[in-house]
Amino acid sequence: MLVFLSIIQLLYVIALSPLAIGILNFFDERLSSRGGPSIFQEYYNIFKYFKKQSIYPSTASDFFSYVPYITFAMYLFLTLVLPIITAFPLTFGPVVDFVGGGLIFGAASSLLKLASLDSKNNYSILGASRASSIGIFTEPIILLIFIMFGVISGTNNPYVINNILQTSTSWFFSLVHLFIAIAFFFVLIIETGQLPIESHTPNELGSIDSLMSQEYSGRELALVKWGSYTKSFILMNVLLNVYTFPFFVPMKLNLLSVFIYMFINFFKITVLLAVFAIINNIVSKYRLFKIFDYIAIAFSFALMAMLVFYIVNGG
């Protein structure tokens, strides 16, 4: 049964992640009083890329062509080990904890940056440089967030954390949890490339991650795009199921409860996408050097969570 649910969770994520991005784009366009594309546009784009021929830069090595397949497989593995449609571990749940999951996310990002450098394209190298400059500051914040949740629950297992927050109102309504959730929300905006961090326009001045995929085409470009959608979908689920609203996630093995929660989960994702769209329409793109002020705010909330915990608990 756990194997069956693992397959269902995998299909749920890879099937609906492009739809989530399509809904976000739809909200963005509607709030800007524009018609915009269909919510299914990202599916059309992915299928279109799969039909096109793959062309590689003459200066790139074979490593460049392998990276999209490796990173996509990493994101698929992460869908099997995180609490997305269940609050009990599935087949591969015990394999890694939050720290291991963070390392896999980091490894996938590092491979994409190395592939960008391997392409020898100036714009791709620029995107990799910007992503590295930001990542070197956000990764310690993520580590601090994981440490604080480990302190709360006594473990870095995301399933255990979800169960504790579902059943312990004292922790859920504590300042420690509030500050950690806010800090992760700030980091999520960075990791998913939302404003005010990144603008997805042809102008290279506002682009970061989108620059790194400029030299990809065909199947490889489809996998890079699909992988980025999957990554965003997973991180949004981590925010909702672990950090902010862990309720209703089934804690016991019940097929009906799991399938009902799949609809609830996507509704929660849609609400979060609406919040992203509102933010995208009320803030403007930060200048690159101002992004670090934004990162400092995220770090401040994570640090305050640590201070509050040790002060309240007497060190």
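**A walk from the H4–H5 loop to the H10–H11 loop**

The side chains of asparagine 121 and glutamate 215 make a polar contact at 2.5 Å. A polar contact here is a pair of N or O atoms within 3.5 Å; within protein, one atom must be able to donate a hydrogen and the other to accept it, and residues adjacent in sequence count only if both atoms are side-chain atoms. The model is predicted, so local features need pLDDT of at least 70 and side-chain atom pairs count only at pLDDT 80 or more, while totals for chains, interfaces and linings use all residues. Residues are numbered from 1 along each chain as its sequence is written, and side-chain values use heavy atoms, with hydrogens and water left out.

Asparagine 121 sits in the loop between helix H4 (98-119) and helix H5 (122-153). Helices (H or I, at least four residues) are DSSP runs numbered from the N terminus. Is asparagine 121 buried or exposed? Its relative accessibility is 15%, so asparagine 121 counts as buried; buried means under 20% relative accessible area, exposed over 50%, and partly exposed in between (1.4 Å probe, protein chains only). A polar atom of the asparagine 121 side chain also lies 2.9 Å from the backbone nitrogen of serine 124. With neighbours within four places in sequence left aside, asparagine 121 is in contact (heavy atoms within 4.5 Å) with Gln214 and Glu215.

The residues just before asparagine 121 can be taken next. Lysine 120 is found in the loop between H4 and H5. The phi angle of lysine 120 is near 65°, a positive value in a residue other than glycine. Lysine 120 has a relative accessible area of 46%, so it is partly exposed. Serine 119 belongs to helix H4 and is buried, because its relative accessible area is 3%. Not counting residues up to four places away in sequence, serine 119 touches Pro57, Thr59, Ala60, Phe64, Ser124 and Glu215. Glu215 thus appears among the residues touched by serine 119 and among the contacts of asparagine 121. From serine 119 to leucine 144 there are 25 residues in sequence and 34 Å in space, C-alpha to C-alpha.

Serine 6 brings the reader to helix H1. The relative accessible area of serine 6 is 4%, so it is buried. Its side chain reaches the backbone oxygen of leucine 2 at 2.8 Å. Leaving aside neighbours within four places in sequence, serine 6 is in contact with Leu80, Leu90 and Thr91.

Helix H1 (2-31) also takes part in a cavity: together with helix H10 (218-244) and helix H11 (255-282), each supplying at least two residues, H1 contributes to the lining of the largest cavity. Rolling a probe the size of a water molecule over the atoms shows where empty space is left. On a 1 Å grid over the protein atoms alone, a cavity is a set of points where a 1.4 Å probe fits but cannot get out, and lining residues have an atom within 4 Å of a point. Grid points are joined across faces, edges and corners, and a volume is the space filled by probe spheres set on the points. How many cavities of 30 Å³ or more does the structure hold? There is one, and the largest cavity has a volume of about 30 Å³. The lining consists of Ile21, Leu24, Thr192, Gln194, Ser232, Met236, Leu273 and Phe276. By class, five of these are nonpolar (Ala, Val, Leu, Ile, Met, Phe, Trp, Tyr, Cys and Pro), three are polar (the others, Gly among them) and none is charged (Asp, Glu, Lys and Arg).

Now consider H10 itself. Of its 27 residues, 23 are buried, so H10 is largely enclosed by the rest of the structure. The expected span of a helix is 1.5 Å times one less than its number of residues. For H10 this gives 39 Å, and the end C-alpha atoms are 38 Å apart, which agrees.

After H10 comes the loop to H11, where phenylalanine 248 is placed. Phenylalanine 248 has a positive phi of about 75° although it is not a glycine. With a relative accessible area of 54%, phenylalanine 248 is exposed. At the start of H11, a side-chain oxygen of asparagine 254 reaches to within 3.0 Å of the backbone nitrogen of leucine 256. H11 has 28 residues and reaches 41 Å from its first C-alpha to its last, close to the 40 Å expected.

Phenylalanine 266 lies in H11 and counts as buried, because its relative accessibility is 15%. Apart from neighbours within four places in sequence, phenylalanine 266 is in contact with Tyr12, Leu16, Leu19, Ala20, Ile23 and Phe233. Phenylalanine 266 and isoleucine 85 are 181 residues apart along the chain, and their C-alpha atoms are separated by 9.8 Å.

Notes. 1 Å grid on protein atoms, 1.4 Å probe; cavity = no way out; pocket = protein on both sides within 12 Å on 5 of 7 lines; lining within 4 Å.
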